[in-house]
Structures are given as structure tokens and as C-alpha cells.
2 protein chains.
Amino acid sequence: MVQDSSERLFSQSVEDYVKSIYLLQQDSGSVTTSELAKKMKTSPAASTKMIKHLTENRLTEHTRYHGVRLSPAGEKIALEIIRHHRLIELYLHQALGYEWDEVDAEAEKLEHHISEEFEARIDKMLDYPLTDPHGDPIPTRELEIAPRRGAPLDNSEPGDTLIILRVRDSNPEALRYLKHLEMRLGTILKIIEKQPFNGPITLKIGEKTHSIGRELAGHVFVERYVREVVD
Amino acid sequence: MVQDSSERLFSQSVEDYVKSIYLLQQDSGSVTTSELAKKMKTSPAASTKMIKHLTENRLTEHTRYHGVRLSPAGEKIALEIIRHHRLIELYLHQALGYEWDEVDAEAEKLEHHISEEFEARIDKMLDYPLTDPHGDPIPTRELEIAPRRGAPLDNSEPGDTLIILRVRDSNPEALRYLKHLEMRLGTILKIIEKQPFNGPITLKIGEKTHSIGRELAGHVFVERYVREVVD
DNA sequence: AATATAATTTAACCATGGTTAAATTATACC
DNA sequence: GGTATAATTTAACCATGGTTAAATTATATT
């Protein structure tokens with residue numbers, strides 16, 4: 001049964017579900033059973049069961065047949081895991097030379113198994129960083145978290161000059177492709193054309209132009225670029 | 001149920017049992033049910049059950065009411081985990097400044113959750129090391145492992161000049177105490193006196209003398225020191 | 001060689017986190 | 001407002017890895 005380490009109060013499964021609920025409810029307020037099941041790659045029945053279990057443990061609030069949402073206690077656990085995840089991602093990138101498409105999978109496994117000691121040491125070594133390699137905010141030690149920055153690239157219009165602040169971390173293939181197009185955090189680009197019927201978006205990056213599909217563009221989060229970025 | 005990652009064929013429990021069998025059988029050839037239960041901090045019944053399971057999976061050979069021993073396949077898995085464990089220990093020590101009494105507990109948790117990629121990267125970063133912070137040999141990538149070096153300090157006799165090659169890694173308190181006495185890997189010491197009836201051993205380290213009990217001395221592995229160590 | 005004791009195994013049970021199939025509830029449409 | 005469809009929940013089941021108590025086997029002693 002692999003007993004929980006002394007520092008851990010809940011099982012890895014509970015941690016994973018709570019984290020997933022946090023990430024899903026960021027976009028939608030509350031989370032449905034089937035959204036959660038899809039994210040966890042299990043059946044809706046398993047999702048229901050876990051929601052029941054989480055609610056009994058006061059990590060979530062649930063009204064039957066409607067969504068689930070994290071309680072303050074649940075949010076705390078989610079933020080702890082997300083802090084682990086994003087610190088580990090950045091550590092792998094900075095200290096071990098991982099590419100940005102490789103860090104998520106490794107962090108996914110390690111996030112449940114590091115000690116507070118390890119967390120503190122890599123946090124210090126990275127000089128208390130605020131964002132991970134995909135531009136997602138890292139919760140502080142006090143579990144305060146900055147809002148996610150940027151709006152989806154496919155919401156912007158031709159003529160806009162934009163800076164990339166964040167990318168969705170979930171899809172390694174997409175990340176590799178973006179890197180290949182030299183679309184990284186901080187990259188400045190201009191929208192040349194947006195074809196109708198959800199057609200491709202044409203961009204200018206430096207001297208080059210590329211076309212990317214709407215779906216990929218939805219993974220890239222940008223804001224208007226003004227010469228001196230306000231801090 | 002936390003599905004196994006793509007790189008892992010067996011559960012964390014199986015890995016832990018197999019590793020424990022490896023470590024126990026180093027000293028004793030084969031391992032009894034209750035030795036294994038004690039090491040795993042479970043009941044003998046649980047130990048029996050797992051032995052049955054391991055044997056069905058051809059990781060061990062078992063004759064009922066007698067000991068269990070690893071098959072070649074089991075040994076391979078044990079060495080993979082031990083390689084992970086010892087590389088991680090050394091990495092924590094060298095790259096993150098962990099003390100030698102802190103590395104075991106952290107490595108215990110991480111050893112099951114790193115990828116081949118991670119293993120390869122820290123191995124390279126550490127320049128393909130051969131021993132961990134306690135002087136235990138690290139299996140190579142091909143899973144070849146050097147014999148453990150040194151004989152227990154309490155086997156040596158007054159007058160012997162010795163060098164510390166290895167310490168038992170299991171007991172953080174003992175490790176802290178040894179460090180406090182400046183007994184580290186490579187430390188040279190001379191046995192002044194060995195009191196009868198399993199009494200303390202008096203040592204000279206540099207200009208200082210200390211007395212340590214037999215039990216602690218059993219955790220320290222040494223060899224005769226000759227000016228130029230043969231390589 | 002018989003027997004007391006210790007070690008091992010088996011049996012019956014539990015919790016966790018999955019599954020599929022059936023029942024229930026919500027919702028969208030006419 | 002009733003009904004088809006979709007979503008959710010429940011029920012019955014499974015595997016893993018634990019537990020304690022009882023049965024079995026090994027061993028040590030006389």
C-alpha cells in the first residue's frame with residue numbers, strides 16, 4: 001500500500017484530483033464530473049466516487065448532479081502541489097537543461113514526492129522565482145498566486161503587436177512546434193492576417209512570417225506590446 | 001490507483017520489496033519472511049503474500065518455509081532502483097548541499113519516480129560517479145556493481161591505522177554523530193584501545209581521541225591504511 | 001524420536017481506487 | 001409542460017497491499 005510519507009496528509013490520488021479541480025475551475029468556476037474524469041483519464045463513475053470522498057474530507061463542496069469546487073482547505077492543497085510542480089519544472093529547465101516540452105511530464109511524477117526541504121532548497125537556488133518555463137505563476141511559500149497573464153493569441157486582431165507571456169504546458173508536441181517557430185516566452189510578434197472560418201493566423205516574428213492554426217494559437221497567451229513593458 | 005508511468009513495469013511496492021531483498025541477501029545469501037517484514041515495516045503475513053506475488057512474476061525464487069532470493073530479473077530491478085537511489089543521494093549532496101544524514105530519506109521517495117532521462121542527466125552532471133555519499137557503490141548504467149568496500153571497524157584491533165571507506169546509511173542520528181566526531185569518508189584513524197565485553201573502542205583522529213560504542217563502530221567500514229592508497 | 005517453540009503460511013477481512021452496467025436526474029427541444 | 005438525450009450517480013465487481021488470528025511447518029531440546 002506504500003504508506004504516505006510523514007509530510008503528506010492525503011494520498012497521491014487525492015492530490016492529483018484536487019490539483020486537476022483547481023486547474024479546471026480556473027476557467028469555469030466549478031467543475032463537472034465528466035470534465036474531471038476526462039482530465040484524470042478515468043471513468044465518470046470513478047470521478048463521482050472521488051468527489052464524494054473529497055467532499056467527505058472537506059476538500060471540496062459538491063451539490064449532487066451539479067459541479068464540484070474546492071474548499072479553502074482543498075485550494076491550499078492544490079496550491080502546494082502546483083507550487084511543487086512549477087518549481088520542479090523551472091528547476092529541471094534551469095539546473096538540468098530540460099527543454100520546455102520535457103519538464104511537465106517529469107514534474108508530474110516528482111511533485112508528490114519531494115520534501116519541504118527539497119522545495120525550499122530549489123526555491124532558494126532559483127532565487128524565489130515567480131513563473132515557470134511556460135509563464136505560469138508559481139505560488140509563493142505562503143501559497144499566494146499571481147493571476148495568469150495574457151489573452152489567447154487567437155483573440156487578437158491583424159495589426160496588433162504582441163508579446164508572448166504564457167503557453168499552455170500540457171502538449172509537448174505543440175511546445176516543440178512553437179519552439180521551432182521561435183515562439184518562446186518574451187517573443188514579440190505581429191499579426192498580419194487572420195483568415196475567416198477559423199482559418200490560420202499569419203504572424204511576423206523578426207523578419208520571418210508563419211501561419212499557425214487557431215487551435216495552436218489558443219495555446220499561446222499574449223498581451224499588447226509597448227516598447228517599455230510596464231512593471 | 002495512480003497508474004504506473006510508461007517507464008515502470010512494476011508497482012512501487014514491488015520495487016521496494018525487491019530492493020529490500022537485494023540489500024538483505026547481500027549479507028545472508030537468502031532472506032527470511034520475517035527479516036523482510038521487519039525491513040518493510042509490515043507483518044510477516046504481508047511479506048509472505050508479496051513473496052508469493054514476486055515469485056509468480058519470476059522476480060524471486062522461493063521454497064516454502066525457507067528463504068527467498070532474487071532471480072536474475074529481480075536483481076536487475078533491484079539494481080535499477082539502487083542506482084536511482086544512490087545517484088539521487090549523491091546529487092542531493094553535491095548539487096543541493098544536503099548533508100549525508102539527509103540524503104537517504106529524500107532519495108527513498110524519489111527513487112521510484114525519476115525517468116531514465118533524469119537518471120542520465122544527473123549521472124552526466126556528476127561525471128558518472130562510482131560511489132554515493134556513504135561510500136556505497138553505484139551500479140553502472142549497465143547495472144554492474146562493484147563490491148562494497150571495507151570491514152566493520154569493530155573487527156579491527158588496537159594499533160591498526162585505518163581509513164574510513166563506507167558507513168551504513170540507514171541511521172541519520174548515527175550519521176550526524178559520526179560527522180560530529182569528524183569521522184567522514186576518507187578519515188584516517190588509529191585504534192588505541194578496545195575494551196573487553198563489547199566495551200567502547202578508543203580512537204585517535206588527528207590529535208583528538210574519542211571513544212565510541214561497538215554498535216556505532218559496526219556501522220563504520222574501514223580498511224588498513226597504507227600511505228599511498230593502491231588504486 | 002517426541003515435543004515445545006518459533007517461523008511461516010493461510011484465511012478472512014479491510015481500504016483504496018479502479019471498472020462496467022443500470023438507475024436516476026438534469027436539460028434541451030418540440 | 002412532456003419527453004428524448006445527456007450527464008451523473010449507484011451498484012456490483014476487481015486488484016493491490018495491508019491487517020489479525022488460526023493453522024501449519026521447521027527447529028531445537030531433551
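Colleague: In this predicted model, does B:Glu182 count as buried, exposed or partly exposed?
Modeller: The relative accessibility of B:Glu182 is 39%, and the label depends on where this value falls between the cut-offs of 20% and 50%. Because 39% lies between them, B:Glu182 counts as partly exposed.

Colleague: Where in chain B is B:Glu182 placed, and what is its phi?
Modeller: B:Glu182 sits in the loop that runs between helix H7 (172-180) and strand S5 (188-194) of chain B. Most residues other than glycine have a negative phi. B:Glu182 is not a glycine, and yet its phi is positive, at about 60°.

Colleague: Which accessibility label does B:Lys41 receive?
Modeller: B:Lys41 belongs to the loop between helix H2 (33-40) and H3 of chain B, and it too is a residue other than glycine with a positive phi, near 55°. Its relative accessibility is 70%, and since the cut-off to pass is 50%, B:Lys41 counts as exposed.

Colleague: How wide is the arc covered by the buried residues of H6(A) around the axis?
Modeller: Helix H6 of chain A spans residues 116-125, and its buried residues are A:Phe118, A:Glu119, A:Ile122 and A:Asp123. An α-helix has 3.6 residues a turn, so residues three or four places apart point the same way. The buried residues therefore lie on the same side of H6(A), within an arc of only 130°.

Colleague: Which helices do the buried residues of H6(A) pack against?
Modeller: The partners of these buried residues come from chain A and from chain B. In chain A the partner is helix H4 (72-96), while in chain B the partners are helix H4 (72-96) and helix H5 (103-110).

Colleague: Which element supplies the largest share of the surface near DNA strand D?
Modeller: DNA strand D is surrounded by 22 residues, with A:Met1, A:Ser34, B:Ser11, B:Ser43 and B:Lys49 the closest. At least two residues of that surface come from each of helix H2 (33-40) and helix H3 (44-56) of chain A, and from each of helix H1 (12-28) and helix H3 (44-56) of chain B. The largest share, five residues, is supplied by H3(B).

Colleague: Which residue places a backbone N or O atom 2.9 Å from a phosphate oxygen of DNA strand D?
Modeller: Two residues of chain A can be set aside here, since they reach a phosphate oxygen of DNA strand D with a polar side-chain atom: A:Thr48 at 3.1 Å and A:Arg64 at 2.9 Å. The residue that uses a backbone N or O atom, at 2.9 Å, is A:Tyr65.

Methods
Residues are numbered from 1 along each chain as its sequence is written. Chains are lettered from A and ligands numbered from 1 in the order in which they are written. This is a predicted model: local features need pLDDT of at least 70, side-chain atom pairs count only at pLDDT 80 or more; totals for chains, interfaces and linings use all residues. Side-chain values use heavy atoms; hydrogens and water are left out. A residue is near a molecule or strand if one of its heavy atoms lies within 4 Å of it. A polar contact is a pair of N or O atoms within 3.5 Å; within protein, one must be able to donate a hydrogen and the other to accept it, and residues adjacent in sequence count only if both atoms are side-chain atoms. Helices (H or I, at least four residues) and strands (E, at least two) are DSSP runs, numbered from the N terminus. Buried means under 20% relative accessible area, exposed over 50%, partly exposed in between (1.4 Å probe, protein chains only). The arc is that of the directions from the helix axis to the C-beta atoms. Contact means heavy atoms within 4.5 Å.
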